[in-house]
Amino acid sequence: MGVIGTLILTTAIAGVVGTGIGGLIGAMLQKDSNRIASLLLSFAAGVMLSVVCFDLVTEAIETQVGVFVVILAVAIGVAVIYLLNYIIDQRTNPEVAHIDTNHPKTADDLDELIHSDHYNYHQSHKDNKVALFVAGVVMASAIALHNVPEGMTIGAAYASDGGVLGGAAIVLAVLIGMHNIPEGMAVSVPLVAGGMEKWKAVLITASSGVPTIIGALLGYLLGELGPLGLALSLGFASGAMLYVVFGEIMPQAILMYRSKLPAFSAIGGILVGVLIIFA
C-alpha cells in the first residue's frame with residue numbers, strides 16, 4: 001500500500017469508524033444521553049487541547065519558519081472556522097422558532113451543535129425535497145467544519161514523519177479516533193430523537209467522518225511543500241481545533257450538563273492526552 005493509501009486507511013479508521021462507534025452508542029443510549037455526551041465531549045475536548053498545545057503547535061514552531069508565522073496560521077485557522085460557522089448560523093437560526101434574543105449565543109442542545117434542528121424543522125413541516133436536501137447539506141457542512149481540521153492534523157503529522165506511519169501520526173490517529181466517539185454520539189442522538197430510524201442514523205453518522213479523510217489529504221499535501229507548508233498546515237489545524245474546543249464543544253458540554261463535572265472531565269482529558277503523547 002502506498003503513502004496516500006496508508007494515510008487514507010488510517011484516517012478512515014480514526015474518522016469513519018470512530019464516529020460510527022459513537023453513532024451506534026448514541027443510538028442505543030437515549031436515556032440521560034445529554035449527560036453522557038456532555039462528559040464525553042468535554043473529555044475529548046481536553047484530549048484535543050493537549051494535542052494542540054503539546055504536540056501540533058510545538059512541532060510547527062520546530063519547523064523554524066518563525067513563531068509569528070505559526071501564530072498567524074493559528075489565528076487564520078480560528079478565523080476561518082468561526083466565519084464559516086457564523087455564516088451557517090446566520091442562514092439557519094431564523095428558521096428555528098426557539099432561537100431568539102433570549103437564546104444563549106451558542107448551541108444549547110445536541111441538535112443545534114450539528115444543525116439537525118434545521119433539518120428536523122423542514123422535515124416536521126413536510127417541506128419539499130429541495131428544502132430537505134439543502135438542510136442536509138447545511139448539517140453536513142457543520143459536521144465537516146469539525147472533521148476537516150482533525151484530519152489535517154493527521155496528514156500534517158504524517159508529512160512531518162516523511163510519509164512514514166510514525167509515532168506522531170499514530171498517536172494523533174488514536175486520539176482523534178477517541179475524540180470522534182462522543183462527536184458521533186452528538187450526531188446520532190438528535191437524529192434518532194427527531195424520528196430517524198436507528199440504522200440510518202448510525203450510517204449517516206459514520207459517513208460524517210469522511211471529511212476527516214479530505215482534511216488528512218489536504219494536511220499531507222500542504223505539509224509536503226516544505227517547512228513553511230508544514231508550519232501553515234499544523235498552525236491552521238491547531239487554530240481550527242482551538243476554536244472548536246473553546247467556541248463550541250466546551251460551551252455545549254456545560255450547557256448540556258450544568259455542573260462542574262464537564263470541567264473536571266476536560267481536565268482528565270488533558271492529562272490523558274499528555275500521558276499518551278509523552279509516555
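Me: Which residues form a nonpolar patch on the surface?

Reply: Good place to begin! Keep in mind that this is a predicted model. The nonpolar patch on its surface is formed by Leu9, Ile13, Val17, Ile21, Leu24, Ile25, Met28, Leu29, Ile36 and Leu40. Together these residues have about 810 Å² of accessible area.

Me: Which elements give two or more residues to the nonpolar patch?

Reply: Two helices do: helix H1, residues 3-28, and helix H2, residues 33-61. H1 supplies the largest share, seven residues.

Me: Let me take one member of the patch. Where is Ile36 found, and is Ile36 buried, partly exposed or exposed?

Reply: Ile36 is found in helix H2. To judge exposure, look at the relative accessible area: under 20% is buried, over 50% is exposed, and partly exposed lies in between. Ile36 has a relative accessible area of 32%, so it is partly exposed.

Me: Helix H2 also holds Ser50. Is Ser50 buried or exposed?

Reply: Use the cut-off again. Ser50 has 0% relative accessibility, so it counts as buried. Leaving out residues up to four places away in sequence, Ser50 touches Asp55, Gly269, Ile270, Gly273, Val274 and Ile277.

Me: How confident is the predictor here? What is the mean pLDDT of the protein chain?

Reply: The mean pLDDT of the protein chain is 81, and 91% of its residues reach 70 or more. You can also go element by element: helix H11, residues 261-278, has the highest mean pLDDT, at 90, while helix H4, residues 110-113, has the lowest, at 68.

Me: Now a loop, please. Where does Ser259 lie, and how far from Ser50 is Ser259?

Reply: Ser259 sits in the loop between helix H10, residues 227-256, and H11. At 32% relative accessibility, Ser259 counts as partly exposed. Along the chain, Ser259 and Ser50 are 209 residues apart, and their C-alpha atoms are separated by 23 Å.

Me: Which residues that are many places apart in sequence should I look at next?

Reply: Try Ala216, which belongs to helix H9, residues 210-223. Its C-alpha atom is separated by 9.6 Å from that of Ala12, although the two residues are 204 residues apart along the chain. Ala216 has a relative accessible area of 1%, so it is buried. Not counting residues up to four places away in sequence, Ala216 touches Leu7, Thr11, Gly151, Met152 and Gly155.

Me: And what about Ala201? Where is Ala201 found, and with which residues is Ala201 in contact?

Reply: Ala201 is found in helix H8, residues 198-207. Once its neighbours within four places in sequence are left aside, Ala201 is in contact with Ser188, Leu191, Val192 and Met196. Its relative accessible area is 0%, so Ala201 is buried. From Ala201 to Gly23 the C-alpha distance is 7.3 Å, with their positions 178 residues apart in sequence.

Me: Let me practise on Asn120. Is Asn120 buried or exposed?

Reply: Asn120 lies in helix H5, residues 116-124. Buried means under 20%. Asn120 is at 19% relative accessibility, so it counts as buried. Asn120 and Gly195 are 75 residues apart in sequence and 8.7 Å apart in space, C-alpha to C-alpha.

Me: What does a backbone angle such as phi tell me?

Reply: The general idea is that most residues other than glycine have a negative phi. Here Gln64 has a positive phi, near 70°. Gln64 lies in the loop between H2 and helix H3, residues 67-92. With 71% relative accessibility, which is over the 50% cut-off, Gln64 counts as exposed.

Me: One last topic: how many aromatic pairs does a search of the whole structure find?

Reply: A pair of aromatic rings is described by the distance of the centres and the angle of the planes. The search of the whole structure finds four aromatic pairs. There is also a cluster to look for: ring pairs link Tyr82, Tyr86 and Tyr243. Try finding these three tyrosines in the model.

Key: Residues numbered from 1 in each chain as written. Predicted model: local features only at pLDDT ≥ 70, side-chain atom pairs only at ≥ 80, totals over all residues. Heavy atoms only, no water. Helix = DSSP H or I, 4+ residues; strand = E, 2+ residues; numbered from the N terminus. Buried < 20%, exposed > 50% of the residue type's maximum accessible area, 1.4 Å probe, protein only. Contact = heavy atoms within 4.5 Å. Patch = residues over 30% accessible without salt bridge, like charges linked within 9 Å, V, L, I, M, F, W, Y side chains within 5 Å. Areas by Shrake-Rupley, 256 points an atom, 1.4 Å probe, with all protein chains shown as cover. Salt bridge = Lys/Arg side-chain N within 4 Å of Asp/Glu carboxyl O. pLDDT = per-residue confidence, 0-100. Phe/Tyr/Trp six-rings, centres within 6.5 Å; stacked < 30°, edge-to-face > 60°.
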